[in-house]
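Here are some friendly notes to read with the structure open beside you. They go point by point, so feel free to rotate the view as you read.

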Amino acid sequence: MADECFGDPRLAALYDPLDPDRSDLDAYLRMAAEFGARRVLDIGCGTGVFALLLADRGIEAVGVEPARASLDVARAKPGAARVRWIDGDATTLPPLRVDLATMTANVAQAIADPDLWHRTLRGARAALRPGGRLVFETRDPARRAWEKWTREESFAGTDVPGVGTVETWHRLSAVDGPLVTFRTTYVFPADGAVLTSDSTLRFRERQEIEADLAGHGYELEEIRDAPDRPGREFVFVARRPDA
Ligand SMILES: C[S@@+](CC[C@H](N)C(=O)[O-])C[C@H]1O[C@@H](n2cnc3c(N)ncnc32)[C@H](O)[C@@H]1O
């Protein structure tokens, strides 16, 4: 079951207006160019922002996303026909041979279930051509990002065209080892509707991901920093070995 923020149509429609600054994707676009990627699979593509940026650059993009409402937002965007959209996740892909697979905006952390995480790594590897790369980010647990997920620190009123000023905030529900659960609340101005979305993220240690990648037959090329969030993220660049 998708978190309500991705799977509820009213909330999925707010995803882009509430977070319009996608400069986090610049580093991924630079990596697609650096690796000469002509075909890219974006796993957990959400509302399709990255897949559409790739298509703008003439790259063949495939976006896979389990939350139907988010994919509906993607499919309705101008130019969406240039992208191949797939309902599902990396465990349900048709045969592909992409140069690059990505998980932007901490998708890896949303895959909290260990079995699903392993099946995702296996599915991504199967979708890559030999020599292709998997690139994804995950928050460094040592930075304890969840400590700022309080109403006081996160409250925002955002003017959304056609909707009005939507108030949002996060509130931490539980920290259970590597699992962090929080609730996001949305207040709509027109009808005063209050919607909530509960999410659980897994904060994985660098060594844990290194071992997971090795276990699935990837060669770890590099762990980079996220230039827009220096010191806060691990950006893994892993390669499917040549056949
Ligand atoms: C924070 S959003 C990021 C969306 C998009 N990558 C972006 O950059 O805007 C996290 C996304 O991960 C998706 N997701 C959750 N579980 C997933 C899974 N098992 N496989 C792929 N995507 C998943 C969610 O539905 C959601 O769209």
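1. Which residue in β9 does Thr-181 stand opposite? Thr-181 faces Thr-200 there. Do keep in mind as you look that this is a predicted model. The two strands concerned, β8 (residues 179-187) and β9, run antiparallel and are joined by 9 bridges.

2. Now step back to the sheet around that pair. Four strands, in the order β6-β7-β8-β9, form an open sheet with antiparallel pairing. Its edges are β6 (156-160) and β9 (194-202), each of which pairs on one side only. From one strand to the next, the twist averages 25 degrees.

3. On the β6 edge, have a look at Gly-157, which lies in that strand. Is Gly-157 buried or exposed? Its relative accessible area is 52%, and anything over 50% counts as exposed, so Gly-157 belongs in the exposed group. Leaving aside residues up to four places away in sequence, Gly-157 touches Thr-165, Val-166 and Glu-167.

4. Gln-109 makes a nice contrast to look at next. This residue is found in helix α7 (residues 107-110). Gln-109 has 0% relative accessibility, and because the limit for buried is under 20%, Gln-109 counts as buried. Which residues does Gln-109 touch, not counting those up to four places away in sequence? They are Thr-138, Arg-139, Thr-200, Leu-201, Arg-202, Phe-203 and Arg-204. You will recognise Thr-200 as the residue opposite Thr-181.

5. Next, please turn to strand β1 (residues 39-43). Of its 5 residues, 4 are buried, so β1 is largely enclosed by the rest of the structure. β1 pairs in the parallel sense with β2 (residues 60-65) over 5 bridges, and Leu-41 has Val-62 as its bridge partner in β2. β1 also pairs in the parallel sense with β4 (residues 98-103), over 3 bridges. In that pairing, the partner of Asp-42 is Thr-102 in β4.

6. What do β1, helix α5 (residues 49-56) and β2 make together? They make a β-α-β unit, and the unit is right-handed. It is worth tracing the chain through these three elements on screen.

7. Helix α5 also has a helical partner. Two packed helices are described by the angle between their axes and the distance between the axes. For α4 (residues 26-34) and α5, the angle is about 40 degrees and the axes are 11 Å apart. That angle makes α4 oblique to α5, and the crossing is right-handed. If you want to see the contact itself, show the side chains of Tyr-28, Leu-29 and Ala-32 in α4, which meet Phe-50, Leu-53 and Leu-54 in α5.

8. Leu-29 also gives you a handy ruler across the model. Between Gly-157 and Leu-29 there are 30 Å in space, taken from C-alpha to C-alpha, and the two are 128 residues apart in sequence.

9. One last stop is helix α6 (residues 68-75). Which residues of α6 are buried? They are Ala-69, Ser-70, Leu-71 and Ala-74. These buried residues pack against α1 (4-7), α2 (9-12), β2 and β3 (83-87). So far as β2 goes, you have already met this strand as the parallel partner of β1.

Key. Residues numbered from 1 in each chain as written. Predicted model: local features only at pLDDT ≥ 70, side-chain atom pairs only at ≥ 80, totals over all residues. Heavy atoms only, no water. Buried < 20%, exposed > 50% of the residue type's maximum accessible area, 1.4 Å probe, protein only. Pairing = 2+ DSSP bridges. Right-handed = clockwise from strand over helix to strand, strands pointing away. Axes fitted to C-alpha atoms, helices over the stretch in contact; angles between N-to-C directions. Parallel < 35°, antiparallel > 145°, perpendicular 65-115°, else oblique. Left-handed = near helix turned anticlockwise from the far one by under 90°. Contact = heavy atoms within 4.5 Å.
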